[in-house]
Amino acid sequence: MEQALRSISATVGLHRADGPDATVVEVGGSSAEGLARYLFSLATPLRVLAPDSVRAALLRRTRELLAANDDAST
């Protein structure tokens with residue numbers, strides 16, 4: 001919980017403990033792409049539970065980043 005609150009302030013997201021080592025944080029945004037950019041900026045391990053559009057945007061950005069840094073493609 002402490003780490004989640006350091007990454008996402010209580011003014012931005014609603015936090016609730018989900019067991020001893022996990023915190024669920026509900027955040028909103030104006031678009032799936034914008035929220036994916038925000039989540040990337042946190043630079044912390046996370047799992048998007050919902051909605052699927054944000055999960056898809058995050059996966060798309062991850063794949064783009066991997067492809068841009070793939071040594072085999074240079």
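Start by colouring the chain by secondary structure: from the N terminus on, the elements run α-β-β-α-α. That makes three helices and two strands, where helices (H or I, at least four residues) and strands (E, at least two) are DSSP runs, numbered from the N terminus. Keep in mind that this is a predicted model, in which local features need pLDDT of at least 70 and side-chain atom pairs count only at pLDDT 80 or more, while totals for chains, interfaces and linings use all residues. Residues are numbered from 1 along each chain as its sequence is written, and side-chain values use heavy atoms, with hydrogens and water left out.

**The whole chain**

Zoom out for a moment. The C-alpha trace spans about 45 × 25 × 20 Å along its principal axes. Switch on the surface: about 5,600 Å² of the chain is accessible, and 54% of that belongs to carbon and sulfur atoms. These areas come from the Shrake-Rupley method with a 1.4 Å probe, and for residues only the protein chains shown count as cover. Of the 74 residues, 18% count as buried; buried means under 20% relative accessible area, exposed over 50%, and partly exposed in between (1.4 Å probe, protein chains only). As for contacts (heavy atoms within 4.5 Å), take those between residues at least 6 apart in sequence: 24% of them join residues at least 24 apart.

**Stop 1: helix α1 and strand β1**

Select Ala4, which sits in helix α1. Ala4 is buried, with a relative accessible area of 17%. Leaving out residues up to four places away in sequence, Ala4 touches His15, Thr23 and Val25. Try a distance label from Ala4 to Glu26: these two are 22 residues apart in sequence and 11 Å apart in space, C-alpha to C-alpha.

Now click on His15, in strand β1. His15 is buried too, at a relative accessible area of 15%. Which backbone oxygen lies 2.8 Å from a polar atom of the His15 side chain? It belongs to Ile8. The backbone oxygen of Gly13 lies 3.1 Å from a polar atom of the side chain of His15. Both are polar contacts, meaning a pair of N or O atoms within 3.5 Å; within protein, one must be able to donate a hydrogen and the other to accept it, and residues adjacent in sequence count only if both atoms are side-chain atoms. Show everything around His15 and you'll find a crowd, not counting residues up to four places away in sequence: among its contacts are Met1, Leu5, Ser9 and Val24.

Hop over to Gly13, in the loop between α1 (2–7) and β1 (14–17). At 8% relative accessibility, Gly13 counts as buried. Its C-alpha atom is separated by 4.7 Å from that of Val27, 14 residues apart along the chain. Beyond residues up to four places away in sequence, Gly13 touches Ile8, Val25, Glu26 and Val27.

**Stop 2: the nonpolar core**

Select Ile8, Leu35, Ala36, Leu39, Leu42, Val48, Val54, Ala57 and Leu58 and show them as spheres: these nine residues make up the largest nonpolar core. The elements giving two or more residues to this core are α2 (32–41) and α3 (52–68). A nonpolar core here is a set of buried Ala, Val, Leu, Ile, Met, Phe, Trp, Tyr and Cys residues joined through side-chain atoms within 4.5 Å. In soluble globular proteins, nonpolar side chains tend to be buried together.

Centre on Ala36 for a close-up. Not counting residues up to four places away in sequence, Ala36 touches Ala57, Leu58 and Arg61.

**Stop 3: along helix α3**

Which residues of α3 are buried? They are Val54, Ala57 and Leu58. They cover an arc of only 100° around the axis, so they are on the same side of α3; the arc is that of the directions from the helix axis to the C-beta atoms. These buried residues pack against α2. Spin to the other side of α3 and you'll see Asp52, Arg63 and Leu66 exposed.

**Stop 4: the loop between α2 and α3**

Two backbone oddities finish the tour. Most residues other than glycine have a negative phi, and most peptide bonds are trans. Select Ala43, in the loop between α2 and α3: Ala43 is not a glycine, yet has a positive phi of about 50°. At 70% relative accessibility, Ala43 counts as exposed.

Then go to Pro51, in the loop between α2 and α3. A cis peptide bond joins Ala50 and Pro51, with omega about -5°.
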